[in-house]
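Biologist: Please take me through this protein. I should like the terms to be stated with their cut-offs as we proceed.

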Amino acid sequence: MDYDQIKELIKTQNNSHGIDLTGIVQIILKRKIFIILSFVLVLSAGYIYLKTAASIYESTVLLKKEGDNKNNSEMDDPYLRLISLRSQDDITTEMALIKTKSVLDRVVKKLNLDLLIEKVVTPEGKTEEIYRSLPEYNLLDDNRNSLMPQILSFQTDSLDNSISLVLTKNNGGRFLLYKTENNKNSILGVFPDNNPIEIKSTNFTISIYWPDVQKGSKLFFTVYNTSSAYMLLSNHISISQKEETNLLQISVKDKNPEIAQLIAKTLIDKFKETRTEQQRLLIHESYASIDTQLNETSQKLKDAENKLSDYQSST
């Protein structure tokens, strides 16, 4: 059976249904090259995306909401014993507390997530792109190379705004630190050629080991203020309740699986630390309120005794 016979058969079979399959077949045949090319392009685009897109890893931990039952070692602490007698916060409140600024700020400070290492530029103009937070940068094997600086320590105070900085070694052999803002450079300080390089600024201190740095080499990095660092971290964290249980599911996403796991663990630690401090503060406030009430009651009793004594002496 040839093509013409197939076409006639299709036409005969579908006349009663009012469907012109012959026309549909003709349209498909006329545009088969376009359809095939579109299919190939979609497959190629998907393949390229899978090869080039950065992988995102997720670390998930479960946190059990505090109950009234405490083990014996915890009951030895009078503060924790009092805390256990207090009514616990609603689980939705606990979920909101985990992502509060007071908790996430502690995570940022603990892991130095407010420091971004951007790139290193050699005197010849070769650029080594980095763009990683300090904990992720420290995981790189390349930073063990003497041409790449090692960040030994970093600490920052409160900043009004994030600042972009450049550290370079000038022709005199000294290190020059300046900030870049609106295409303008402002010198922040000049430091001797020591290893490690101890940089103390108004808002931060940083210790860098860079033994074989060449004159003209530049290190670009950014110090985030607390608001920016908080927002960046918050965007990587999601909190949910595990079905109808008292379990909180905390998920952290990052392009580095080790960093995702590290942030998740630190977040749990800092949340527990913050909650304990808050509860201890409530206990202290309760003590203060009780002391005040006792003093007032004691004074009232004393006044009543005095009045009774005066009345008895007058009769």
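Modeller: Buried means under 20% relative accessible area and exposed over 50%, with partly exposed in between, using a 1.4 Å probe and protein chains only. This is a predicted model, in which local features need pLDDT of at least 70 and side-chain atom pairs count only at pLDDT 80 or more, while totals for chains, interfaces and linings use all residues. Residues are numbered from 1 along each chain as its sequence is written, and side-chain values use heavy atoms, leaving out hydrogens and water.

Biologist: Is Asn256 buried or exposed?

Modeller: Asn256 lies in the loop between S12 and H10, where helices (H or I, at least four residues) and strands (E, at least two) are DSSP runs numbered from the N terminus. Its relative accessibility is 14%. Because that value is under the 20% limit, Asn256 counts as buried.

Biologist: Which backbone nitrogen does the side chain of Asn256 reach?

Modeller: A polar contact is a pair of N or O atoms within 3.5 Å; within protein, one must be able to donate a hydrogen and the other to accept it, and residues adjacent in sequence count only if both atoms are side-chain atoms. Contact in general means heavy atoms within 4.5 Å, and beyond four places in sequence Asn256 is in contact with Tyr57, Glu136 and Leu139. At 2.9 Å, the side chain of Asn256 reaches the backbone nitrogen of Glu258.

Biologist: Which element gives the most to the largest nonpolar core?

Modeller: A nonpolar core is a set of buried Ala, Val, Leu, Ile, Met, Phe, Trp, Tyr and Cys residues joined through side-chain atoms within 4.5 Å. The largest one has 27 residues, and Ile98 and Leu267 are among those with the most contacts inside it. Helix H6 (91-98) and strand S12 (247-254) are among the elements that each supply at least two residues. With six residues, the element that gives the most is H10.

Biologist: Why is one side of S3 left without a neighbour in the sheet?

Modeller: Two strands pair if DSSP finds at least two bridges between them. Six strands form an open, antiparallel sheet in the order S3-S2-S10-S5-S6-S7. Strand S3 (127-133) and strand S7 (184-191) stand at its edges, so one side of each has no neighbour there, each having a single partner strand.

Biologist: What is the bridge partner of Lys119 in S3?

Modeller: Strand S2 (residues 115-121) pairs with S3 in the antiparallel sense over five bridges. In S3, the bridge partner of Lys119 is Glu129.
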